[in-house]
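Trainee: I'd like to learn how to read a model like this one. Could you walk me through it feature by feature?

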Amino acid sequence: MLRSHTCGELNINNIGQEVTLTGWVQKSRDLGGMTFIDLRDRYGITQLVFNMELDPGLCGKARKLGREYVIKVTGKVAERSNKNPKMPTGDIEIIAESFDILNESKTPPFTIEDKTDGGDELRMKYRYLDLRRNPVKRNLELRHKISIETRKYLDSEQFFEIETPFLIKSTPEGARDFVVPSRMHSGQFYALPQSPQTFKQLLMVAGYDRYFQLVRCFRDEDLRADRQPEFTQIDCEMSFVTQEDILNTFEGLAKHLFKTVKGIDIEEFPRISYDDAMRLYGSDKPDIRFGMEFVELNDLAKEKGFVVFDKAELVVGINAPGCGNYSRKQLDKLTDFVRKPQIGAQGLVYVKYNEDSTFKSSVDKFFDQEALKTWAAKLGAKPGDLMLVLAGATDKTRKALNELRLEMGNRLELRGKDVFKPLWVVDFPLLEWDEDSERWHAMHHPFTSPKPEDIGYMETDPGKVRANAYDMVINGVEIGGGSIRIHNKDLQKRMFTLLGFSDEEAQDQFGFLMNAFEYGAPPHGGIALGFDRLVALFGGSDSIRDYIAFPKNNAGRDVMIDSPSGISQEQLDELGLKIVE
RNA sequence: GGUCUGGUAGUUCAGUUGGUUAGAAUGUCGGCCUGUCACGCCGAAGGUCGCGAGUUCGAGUCUCGUCCAGACCGCCA
């Protein structure tokens, strides 16, 4: 090693020692007669001192060091006369005796500091400089810790980590595939896996009854703050298990991670059915850090002469505690919020429960004080509260009220970053109707098993069939999901038929899996957790980008290496490809 | 595919109703300074106002188009 110590470890106990440090020049403070330099490496910052009286030549040379120069310095650890309690190494400094410039540096385009002056665009372009900054470093350290603890836990539960291929084949279901042209088989393509789904099921057939992998997955869909074209999953599968076994095992993983990484004991891990989640929160990933559950008001609100309610399929409200003093302006803002195209509500009905126990509402014309009192009773509202009511088609109205509920949660600061409320959402529907293609789609994926008691409805009333499928949700973020799979060839065939596959198509796309099911496939099931999202959640951020060393932007572009990019004509020819303008 | 927000000095931003030579902070460079740690003081350099058209006597400012970035809707088994 070129160094004897790191820049984070020297303290009062090292006084008098001769040490050699390496690192980057964070900042220099030139006082004329003496110069202080903060030397930074991954482990911390240590102050170097150069003194004109002691060594004018060395000090003069040090005064010329620019930011981010890489140097190696040798000197003696000394106690500071002016200590800095703000830094871990603040009690000591290195009285420099010699140094070498290992590499010079151009002045970086933004400051390498916790609160940098650099914008996102610039930081992404110079990501290797951004990664020098503490906040990003801490995020990657967090990611590292969570991956290590995940492996520790799953290893202790007898899981095998097994790698699966990246060059696989394109399948019609699900997200768009990233595709890789084959040179040796002109006109043919590999696809990158959207997940190792079929491979892990084959591993179950092979008898590896507890598998996991921290694995990259690829989906060619439009991006968001919490979605990258390539992302990492904690992918798991187990054999000879019930849904209950899987929920318990991964509840255990979540609790282990919260305990070991954040020092938090998760007491409750409630389970809620998909139907209840939709009814009470209007979302299949409810944020249960706060209450404000939906209360349906059809029986109290309909047929009272208010045409909006009368023609609505659903009238549903929430009670916002302590918001009864909202001004007209604030209420108008909430109305604007729900009327935004992304939210899609037509309007908002409010009922203020005044401190004097009277009511003031936007529907006073249709509902007297007595009627509004029954609303308040049902919503559990108290004087000083504000009831917010939406009406319309069931799905749309629930979706809009979900957004409004989360907005009120934000306004009332009920969604603290340090509070973690996980839950399982279970009993998802097996299928959902797709308006565009006019056919049933698998809500989870085509290998998800229906609940035995619902199998009879598969052909007669497919929408009614519930699946052995579950999602892990924390703080309103879908962290992952899974299911008990189909392990029977005939049932898998029926599923493919439901999804509109001909026998030939099913055989062509998934024949390898159905064939495998003929050789003693054990009952099995599993789960995949979004690792990036989990890390971001632990770090208290909505965006996963700062937890990935080299992320892509919201157009799927890596602005540092400038990809994607064109390839040469030679490469195109070799692959038998032609670009069509 | 759509909606919204933004693009001005190396960087982060301000820029009035369309009107003189486009400002501040920070960074950079030079000078001074022996206990700084957001060092301080003095000085200097630094601008395709994203790009292109249009309106106007006159555009950083208004209009249209376009590119880039970000957020969201659709999409994401």
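Mentor: Happy to. Keep in mind that this is a predicted model. Let's start with the overall picture and then move to the strands, the rings and the RNA.

Trainee: Fine. How many helices and strands does chain A have?

Mentor: Chain A comes to 16 helices and 22 strands. Its C-alpha atoms fill a box of roughly 95 × 75 × 55 Å along the principal axes. Of its 581 residues, 49% count as buried.

Trainee: And which domains is chain A divided into?

Mentor: Domain 1 covers 12-103, domain 2 is put together from 134-272, 283-289 and 419-548, and domain 3 takes 290-411. Notice that domain 2 is written as several segments. To get a feel for the layout, look at the C-alpha centres of domain 1 and domain 3, which lie 63 Å apart.

Trainee: Let's take the strands, then. How do I read a pairing?

Mentor: Look at the direction of the two strands and at which residues stand opposite each other. Try β1 (18-30) and β2 (34-41). They run antiparallel and are joined by six bridges. V25 has L39 as its bridge partner in β2, and R29 has F36.

Trainee: What sits in the turn of that hairpin, between β1 and β2?

Mentor: Three residues lie between the strands, and G32 takes a positive phi near 95 degrees in this hairpin. From β2 you go on to β3 through another hairpin, with two residues as the link. β2 and β3 are antiparallel as well, with eight bridges; T35, for instance, is paired with F50 in β3.

Trainee: Is β2 enclosed or open, and why?

Mentor: Count the buried residues. In β2 that is seven of eight, so the strand is largely enclosed by the rest of the structure.

Trainee: Where do β4 and β5 come in?

Mentor: β1 also pairs with β4, antiparallel, over seven bridges, and L21 stands opposite V73 there. Strand β4 (residues 70-79) is then joined to β5 by ten antiparallel bridges, with I94 of β5 as the partner of V77. Now watch the direction: β3 (residues 44-51) and β5 (residues 92-103) pair in the parallel sense, over two bridges. V49 and I95 are bridge partners in that pairing.

Trainee: Which strands stand at the edges of the eight-stranded sheet, and why does that matter for their neighbours?

Mentor: Write down the strand order and check both ends. This open sheet runs β6-β9-β10-β22-β21-β20-β17-β11, with mixed pairing. β6 (160-161) and β11 (271-273) are at the edges with a single partner strand each, so one side of each has no neighbour in the sheet. Within the sheet, β9 (residues 210-218) and β10 (residues 230-239) run antiparallel over nine bridges, and R210 has M238 as its partner in β10.

Trainee: What about aromatic rings? How many pairs are there?

Mentor: For a ring pair, you check the distance between centres and then the angle between planes. The count here is 23 aromatic pairs. In one of them, the rings of F496 and F501 have centres 5.3 Å apart and planes at 55 degrees, so the pair is tilted.

Trainee: Are F496 and F501 buried or exposed?

Mentor: F496 is buried, at a relative accessible area of 1%, and F501 is buried too, at 9%. Elsewhere, F306, F309, F366, F367 and W375 form one aromatic cluster.

Trainee: Last one: the RNA. Which residues come nearest to RNA strand B?

Mentor: There are 47 residues around RNA strand B, and E53, G174, A442, H444 and N554 come nearest. By class, that surface has eleven nonpolar, 17 polar and 19 charged residues. β1, β2, β3 and α2 (120-125) each supply at least two of its residues, and β1 gives the most, with three.

Trainee: Which parts of the RNA does the protein meet, sugar or phosphate or bases?

Mentor: Look at both sides of the contact. Of the RNA atoms within 4 Å of the protein, 55% belong to sugar or phosphate and the rest to bases. Then pick out individual side chains. R219 has a side-chain N or O atom 2.9 Å from a phosphate oxygen. R80 has one 2.8 Å from a base nitrogen, and for R224 the distance to a base nitrogen is 2.8 Å.

Definitions and conventions
Residues numbered from 1 in each chain as written. Chains lettered and ligands numbered in written order. Predicted model: local features only at pLDDT ≥ 70, side-chain atom pairs only at ≥ 80, totals over all residues. Heavy atoms only, no water. Pairing = 2+ DSSP bridges. Helix = DSSP H or I, 4+ residues; strand = E, 2+ residues; numbered from the N terminus. Near = heavy atom within 4 Å. Polar contact = N/O pair within 3.5 Å; in protein donor to acceptor, adjacent residues only side chain to side chain. Nonpolar A, V, L, I, M, F, W, Y, C, P; charged D, E, K, R; others polar. Domains from an automatic or database assignment. Phe/Tyr/Trp six-rings, centres within 6.5 Å; stacked < 30°, edge-to-face > 60°. Buried < 20%, exposed > 50% of the residue type's maximum accessible area, 1.4 Å probe, protein only.
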